[in-house]
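Here is a short tour for anyone who likes to read a fold from its coordinates. Keep the viewer open and follow along.

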Amino acid sequence: MLHRWIRNTHLILGLLAVPMLLVYGVSAVQMAHNDWFSLKPVVTESEIQVGDFDSNGGRALAQALMDSHGLRGDLQKVTATAEGFELRIGRPGTFYVVNYSRESRTAKVQTSSGVFLGVLNRIHHLAGFRHDFGVLNVWGGLVAFISLTLILLGFSGVYLWFKIHEERAVGSVLLGLSLATSLTLLVLIRMR
């Protein structure tokens with residue numbers, strides 16, 4: 001009974017992990033062979049008439065632009081300038097640079113929109129739950145879930161392999177080679 005439950009759990013966890021692992025695998029190939037792919041973003045500029053945000057600051061302007069003008073993402077930086085201030089708002093695949101002029105009360109928005117592989121590249125590096133943009137928090141939850149899934153998949157796989165007595169010798173060799181390869185890669189990555 002326990003063996004069947006662990007086997008079924010192992011199978012289900014593996015199937016759940018496959019789509020996320022494919023996303024990470026494709027983005028890893030793109031990062032390792034960056035010259036194979038064109039990731040040049042499409043840059044557009046627009047000007048938006050806004051009210052007086054000088055007294056309220058950049059956060060109020062960012063919120064107004066997000067609510068009324070379709071800018072989405074995390075507010076990453078607010079910098080005071082001689083003319084007003086500059087905002088940086090970003091999400092995977094799209095990045096906004098907003099320059100607010102207190103004199104003309106306008107916001108010049110430069111939008112950089114990336115290609116699909118550029119989006120995969122950005123989400124490859126993204127984790128955590130402290131984002132203003134809710135979709136990024138959902139992604140962080142998926143990363144945590146898949147990380148836990150992979151740990152459980154490994155433990156259940158070792159248990160299932162150990163239960164098959166005829167394959168213990170071959171499995172021990174493969175497990176040892178896998179561990180040695182993983183540790184070697186970790187050392188090489190850290191030495192880079």
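Two residues are in contact here when they have heavy atoms within 4.5 Å of each other. With that in hand, please keep in mind that this is a predicted model.

**A helix and its cover**

Helix α3 runs over residues 116–124, and its buried residues are Gly-118, Leu-120, Asn-121 and Ile-123. What lies over them? The cover of these buried α3 residues includes α1 (2–32) and α4 (134–163).

Between α3 and α4 there is a loop, and Arg-130 sits in that loop. Arg-130 has a relative accessible area of 84%, so this residue is exposed. Along the chain Arg-130 and Gly-140 are 10 residues apart, and their C-alpha atoms are separated by 9.0 Å.

**The whole chain**

Now for the wider view. The protein has five helices and five strands, and in sequence order they follow the pattern α-β-α-β-β-β-β-α-α-α. The C-alpha trace spans about 80 × 40 × 25 Å along its principal axes. The radius of gyration is 24 Å, while a compact globule of 192 residues would be near 16 Å.

Of the 192 residues, 29% are buried. The protein exposes about 12900 Å², with 63% of that area supplied by carbon and sulfur atoms. Among contacts with a separation of 6 or more, 54% are between residues 24 or more positions apart.

**The sheet**

In which order do the five strands of the open sheet lie? The order is β1-β5-β4-β3-β2, and the pairing is antiparallel. At the edges are β1 (42–49) and β2, each of which pairs on one side only. Ignoring direction, neighbouring strands of this sheet are turned by 15° against each other on average. Helix α2 (residues 58–69) packs on the sheet and touches β1, β2, β3 and β4. The direction of α2 makes about 50° with that of β3.

As a general point, strands of a sheet pair through backbone hydrogen bonds, in either a parallel or an antiparallel way. In this model, β2 (residues 74–80) and β3 (residues 84–91) form an antiparallel pair over six bridges. A hairpin of three residues leads from β2 to β3, and Ala-80 has Phe-85 as its bridge partner in β3. Strands β4 and β5 are also antiparallel, over eight bridges. In that pairing, Asn-99 stands opposite Lys-108 in β5.

**Arg-91, a buried arginine**

Is Arg-91 buried or exposed? Its relative accessibility is 18%, and buried means under 20%, so Arg-91 counts as buried. Arg-91 belongs to strand β3. Apart from neighbours within four places in sequence, Arg-91 is in contact with Arg-72, Gly-73, Tyr-96 and Phe-133. Two of these partners also appear in the polar contacts tabulated below: the side chain of Arg-91 has a polar atom 3.0 Å from the backbone oxygen of Arg-72, and the side chains of Arg-91 and Tyr-96 are joined by a polar contact. In sequence, Arg-91 and Leu-136 are 45 residues apart, yet their C-alpha atoms are 8.0 Å apart in space.

**The turn from β4 to β5**

The loop between β4 (94–101) and β5 (106–113) holds Arg-105. Arg-105 is not a glycine, although its phi is positive at about 55°. With a relative accessible area of 40%, Arg-105 falls between the limits of 20% and 50% and is therefore partly exposed.

Next along the chain, Thr-106 lies in strand β5. Its relative accessibility is 5%, so Thr-106 counts as buried. Not counting residues up to four places away in sequence, Thr-106 touches Glu-47, Ile-48, Gln-49, Val-50, Asn-99, Tyr-100 and Ser-101. The side chain of Thr-106 also makes a polar contact of 2.7 Å with that of Ser-104.

The polar distances mentioned in this report are gathered here.

| Atoms on one side | Atoms on the other side | Distance |
|---|---|---|
| Arg-91 side chain | Arg-72 backbone oxygen | 3.0 Å |
| Arg-91 side chain | Tyr-96 side chain | 3.1 Å |
| Thr-106 side chain | Ser-104 side chain | 2.7 Å |

Key. Residues numbered from 1 in each chain as written. Predicted model: local features only at pLDDT ≥ 70, side-chain atom pairs only at ≥ 80, totals over all residues. Heavy atoms only, no water. Pairing = 2+ DSSP bridges. Helix = DSSP H or I, 4+ residues; strand = E, 2+ residues; numbered from the N terminus. Buried < 20%, exposed > 50% of the residue type's maximum accessible area, 1.4 Å probe, protein only. Polar contact = N/O pair within 3.5 Å; in protein donor to acceptor, adjacent residues only side chain to side chain. Axes fitted to C-alpha atoms, helices over the stretch in contact; angles between N-to-C directions. Rg over C-alpha atoms; globule rule 2.2 N^0.38 Å. Areas by Shrake-Rupley, 256 points an atom, 1.4 Å probe, with all protein chains shown as cover.
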